[in-house]
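User: Could you take a close look at one part of this model for me? I'd like the strands and the side chains that pair up around them, in one connected walk-through.

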Amino acid sequence: FFASALHSTPSTPVSVVSPLLCIFGVPMLPLDRVRDPRVRRRWPLGRFSERLLHCLRQQRSLFGHSGCVNCVSWSELGDLLVSGGDDCVVHLWRPHLRGVEGSAGAVATGHTGNIFGVRVAPCCGNGYAVSCARDGGVRLLDLRRLRPLQVIAELELSVNKLCFLPQQPSVFLTAGSDGTVRLFDLR
């Protein structure tokens with residue numbers, strides 16, 4: 001699965017579609033762009049067929065955020081989806097479970113500005129996540145107790161993105177509006 005819609009209100013859900021192309025490292029593109037020969041030269045489909053592209057479809061809609069959704073991310077185990085947005089809340093979703101509608105939990109993060117990035121910490125199962133926001137904050141969140149655990153950093157300008165290093169699952173990088181990339185270690 002791959003969350004595709006980045007705006008969610010009670011009437012506009014987060015949409016979940018199958019990510020077959022992302023799993024194998026091929027960028028998600030609209031079907032009409034994939035047929036463009038210029039795009040095919042840049043991202044050759046290789047072992048993928050046109051049929052595979054047509055298999056992508058919306059699987060579920062997830063309701064819970066009260067404003068724009070700015071970021072979504074799967075846990076390393078693939079069973080938990082986290083999202084963050086303008087409501088300063090991180091929602092947890094388990095869209096693979098049938099009969100479970102809406103959020104599987106929500107963390108009031110303590111951020112005072114839009115959340116631009118949230119990732120489940122790969123070093124800790126599904127126990128913790130890190131969020132970053134327009135308020136310049138980088139926070140560690142306890143996903144089991146659904147609460148913020150620690151303010152990791154408070155910067156002057158917004159922190160726009162974050163990612164964990166693949167070979168070091170407790171280490172992550174942030175990218176900020178101040179032009180810096182910062183490295184943090186959860187150990």
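Analyst: Here is a walk through one run of strands and its rings, followed by some other spots for context.

Keep in mind that this is a predicted model. Let's start with strands E12, E13 and E14. E12 covers residues 159-165 and E13 covers residues 168-176; the two run antiparallel and are joined by six bridges. They make a hairpin, with two residues between the strands. On the other hop, E13 pairs with E14, residues 181-185, again in the antiparallel sense, this time over five bridges. That is a hairpin too, with four residues between E13 and E14. In its turn sits Gly179, whose phi is positive at about 85°.

Which residues face each other as bridge partners? Between E12 and E13, Phe164 has Phe172 as its partner. Between E13 and E14, Ala175 is matched with Val181.

The Phe164 match carries over to the side chains. The structure has two aromatic pairs. One of them is Phe164 with Phe172: the ring centres are 5.3 Å apart and the planes make an angle of 50°, which is a tilted arrangement. Phe172 also pairs with Phe184; here the centres are 5.2 Å apart and the planes are at 20°, so this pair is stacked. The cut-off that matters for that label is 30 degrees: planes under it count as stacked. Because Phe172 belongs to E13 and Phe184 to E14, this stacked pair ties together parts 12 residues apart in sequence. Put together, Phe164, Phe172 and Phe184 form one aromatic cluster.

How buried or exposed are these rings? Phe172 has a relative accessibility of 0%, so it counts as buried. Phe164 is buried as well, at 13%, and Phe184 is buried at 14%.

The same stretch has a charged pair. Arg182 makes a salt bridge with Asp178, with 3.0 Å between the closest N and O atoms. Here the accessibility is of another kind: Arg182 is partly exposed at 28%, and Asp178 is partly exposed at 34%.

The structure has four salt bridges, so it's worth looking at some others. Asp142 pairs with Arg145, and their closest N and O atoms are also 3.0 Å apart. Asp142 is buried, with 2% relative accessibility, whereas Arg145 is exposed at 59%. Arg94 and Asp79 form another salt bridge, at 3.6 Å from N to O. Arg94 is in the loop between E6 and E7 while Asp79 is in the loop between E4 and E5, so the pair ties together parts 15 residues apart in sequence. Both ends are partly exposed: Arg94 at 31% and Asp79 at 30%.

Those loops lead to another sheet. It is an open one of four strands in the order E4-E5-E6-E7, with antiparallel pairing. E4 (69-74) and E7 (105-108) are its edge strands, each pairing on one side only. On average, neighbouring strands here are turned by 20° against each other, direction ignored. Inside the sheet, E5 (residues 81-85) and E6 (residues 89-93) run antiparallel and are joined by four bridges. There, Ser83 stands opposite His91 of E6.

What about the cysteines? The structure holds zero disulfides. For Cys71, the closest cysteine sulfur belongs to Cys132, but at 7.1 Å it is too far for a bond; a disulfide would need the two sulfurs within 2.5 Å. Cys71 is buried at 6% relative accessible area, and Cys88 is buried too, at 14%.

One last spot is Pro148, which sits in strand E11, residues 147-154. Its relative accessible area is 33%, so Pro148 is partly exposed. Which residues does Pro148 touch, leaving aside neighbours within four places in sequence? They are Val107, Ala108, Thr109, Leu140 and Leu141. Take Ala108: Pro148 is 40 residues from it in sequence, yet their C-alpha atoms are 7.2 Å apart in space.

Terms used:
Residues are numbered from 1 along each chain as its sequence is written. This is a predicted model: local features need pLDDT of at least 70, side-chain atom pairs count only at pLDDT 80 or more; totals for chains, interfaces and linings use all residues. Side-chain values use heavy atoms; hydrogens and water are left out. Two strands pair if DSSP finds at least two bridges between them. Rings of Phe, Tyr and Trp (its six-membered ring) pair if their centres lie within 6.5 Å; planes under 30 degrees apart count as stacked, over 60 as edge-to-face and the rest as tilted. Buried means under 20% relative accessible area, exposed over 50%, partly exposed in between (1.4 Å probe, protein chains only). Contact means heavy atoms within 4.5 Å. Axes are lines fitted to C-alpha atoms, for helices over the stretch in contact, and angles run from 0 to 180 degrees between N-to-C directions. A salt bridge is a side-chain nitrogen of Lys or Arg within 4 Å of a carboxyl oxygen of Asp or Glu.
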